[in-house]
Structure formats: structure tokens, C-alpha cells
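Welcome, and please get your viewer ready for a short walk through this model. We will go from one selection to the next and say what is found at each stop.

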Amino acid sequence: MDISRILAIAGLAGTTLAPLVLYELDLASKRKQYPLSITKDYGRWTMYTGVLHNFVMLSVPKVRDTASALVKAGFFGQVSTPAQFSLLWSQLFGITLSAVGFSVSRNVLETKSPKYSKALGYGLVSAGITCVSVLPISGAWLVIAQGIMMILNGN
């Protein structure tokens, strides 16, 4: 494995893991004050889904090769092929999903209430349906399920 491939995977993995590390560091003390079972922490599930999404994408050899080619080309201003656009948007979706989950979980712990806006749930369901429409065999079904749970339990 060449150095550009290692750098590409490490960089994308780092941006994927950042929300998870922030969550665990920032909210550990708050979780002790207001314990929330993992089955009711939909924000945490959504965050983990975003992380899982990006790691699954990076496990696909063609995606790794595309990431490696971007790093070799200098990365900045180099997205020009459909494969590179796909890589960019799939990684951004995973990072955004993690950020949404982090925000929901943080709100739940700070307000000491497992309630949050149903709008997040509707957003996840619509994003999931869009993804499933064009790519039925995907993890977008998880996003739809999490969105439905947020709608059913939100304000």
C-alpha cells in the first residue's frame, strides 16, 4: 500500500471519527448526570451510522483508489471526475449524519429530556428515501428507520 493511499484513508477516517471522539469527551460527565439508555439515544445511533457509513465506503477498493488519486493530485481543487464527486458526497453525508446525531444527543443530555425537534426526523427520512430511490441496496434504510424513531419521539 503506497503512502498516498494511507494518507487518504487516514484523513477520511479522521474526519469521520471526529464527531464520535468529541461526543465521548464532551458528554461523558453529562451522561452520568442524566443516563439515557442506548436504545433511546437516537442521536447516538445516528452518529454511529454516519461513522459506519464512511468506514464502509472506505472499505470499497474503488473508493480507496479514488481517495488515493485525490491525495496524489494534491487534493485541493482536484475533484473533477464522477467517482471523485461520489467520494466527496458520500463522505460528506456520513460526516453530516454524524454531526446531526451529535447535536441531537447533546441537546437531549443538556436539556435532560429525550425530546427534540421532529424536523430532524423528517430530514433524515427524506434523505433516506432519496438515497433508497437511487440505490435500494444501501444503508439508507437505517437512516429512514432512525428518522422515523425521531419523528415518533420528537416534539
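**Stop one: Thr49**

Start by selecting Thr49, which is buried, its relative accessible area being 9%. What you have open is a predicted model, so please read each value on this tour as computed from that prediction. Thr49 has its place in helix H2, which covers residues 42-59.

Now show the side chains around Thr49. Which residues does Thr49 touch, once those up to four places away in sequence are set aside? They are Leu97, Leu142, Val143 and Gln146. Keep Gln146 on display for a moment: its side chain makes a polar contact with the side chain of Thr49, at 2.6 Å. With a relative accessible area of 9%, Thr49 falls under the 20% limit and therefore counts as buried.

**Stop two: across to Ile95**

From Thr49, draw a distance to Ile95. The two residues are 46 positions apart along the chain, and their C-alpha atoms are separated by 9.8 Å. Ile95 belongs to helix H4, residues 82-111. Is Ile95 buried or partly exposed? Its relative accessibility is 26%, so Ile95 counts as partly exposed, the class between 20% and 50%.

**Stop three: where H3 meets H4**

Stay with H4 and add helix H3, residues 61-72, to your selection. The axes of the two helices come within 10 Å and cross at roughly 100°. That angle lies in the range from 65 to 115 degrees, and H3 and H4 are therefore roughly perpendicular to each other.

To see the contact itself, show Val63, Thr66, Ala67 and Leu70 on the H3 side. On the H4 side, the residues they meet are Ala83, Gln84 and Leu87. Colour this set by residue type and you will find 5 nonpolar and 2 polar residues, with no charged ones.

Before leaving, pick Ala69, which also lies in H3. Ala69 is partly exposed, with 37% relative accessible area. Measure from here to Gln84 in your viewer: the C-alpha atoms are 9.0 Å apart, for a sequence separation of 15 residues.

**Stop four: the loop at Ser117**

Next, follow H4 onward to the loop between H4 and helix H5 (118-134), where you will find Ser117. Ser117 is partly exposed, at a relative accessible area of 40%. Then select Ile151 as well. Although Ser117 and Ile151 are 34 residues apart along the chain, their C-alpha atoms are separated by 8.0 Å.

**Stop five: Ala140**

Now select Ala140, which is in helix H6, residues 140-153. Ala140 is buried, with a relative accessible area of 7%. What is Ala140 in contact with, leaving aside its neighbours within four places in sequence? Show Gly128, Cys131 and Val132, and you have the answer. For one more distance, pick Leu124: its C-alpha atom is separated by 9.3 Å from that of Ala140, with their positions 16 residues apart along the chain.

**Last stop: the whole chain**

Finally, clear your selection and zoom out. The chain has 6 helices and 0 strands, giving the pattern α-α-α-α-α-α when read along the sequence. Colour by burial, and 35% of the 155 residues count as buried; Thr49 and Ala140 are among the buried residues you have visited.

A surface view gives an accessible area of about 8600 Å² for the chain, and carbon and sulfur atoms hold 72% of that. How much of the contact set comes from residues 24 or more positions apart? Such pairs account for 74% of the contacts in the chain with a separation of 6 or more.

Conventions:
Residues are numbered from 1 along each chain as its sequence is written. This is a predicted model: local features need pLDDT of at least 70, side-chain atom pairs count only at pLDDT 80 or more; totals for chains, interfaces and linings use all residues. Side-chain values use heavy atoms; hydrogens and water are left out. Helices (H or I, at least four residues) and strands (E, at least two) are DSSP runs, numbered from the N terminus. Buried means under 20% relative accessible area, exposed over 50%, partly exposed in between (1.4 Å probe, protein chains only). Contact means heavy atoms within 4.5 Å. Accessible areas come from the Shrake-Rupley method with a 1.4 Å probe; for residues, only the protein chains shown count as cover. Axes are lines fitted to C-alpha atoms, for helices over the stretch in contact, and angles run from 0 to 180 degrees between N-to-C directions. Angles under 35 degrees count as roughly parallel, over 145 as roughly antiparallel, 65 to 115 as roughly perpendicular and the rest as oblique. Ala, Val, Leu, Ile, Met, Phe, Trp, Tyr, Cys and Pro count as nonpolar, Asp, Glu, Lys and Arg as charged, and the others, Gly among them, as polar. A polar contact is a pair of N or O atoms within 3.5 Å; within protein, one must be able to donate a hydrogen and the other to accept it, and residues adjacent in sequence count only if both atoms are side-chain atoms.
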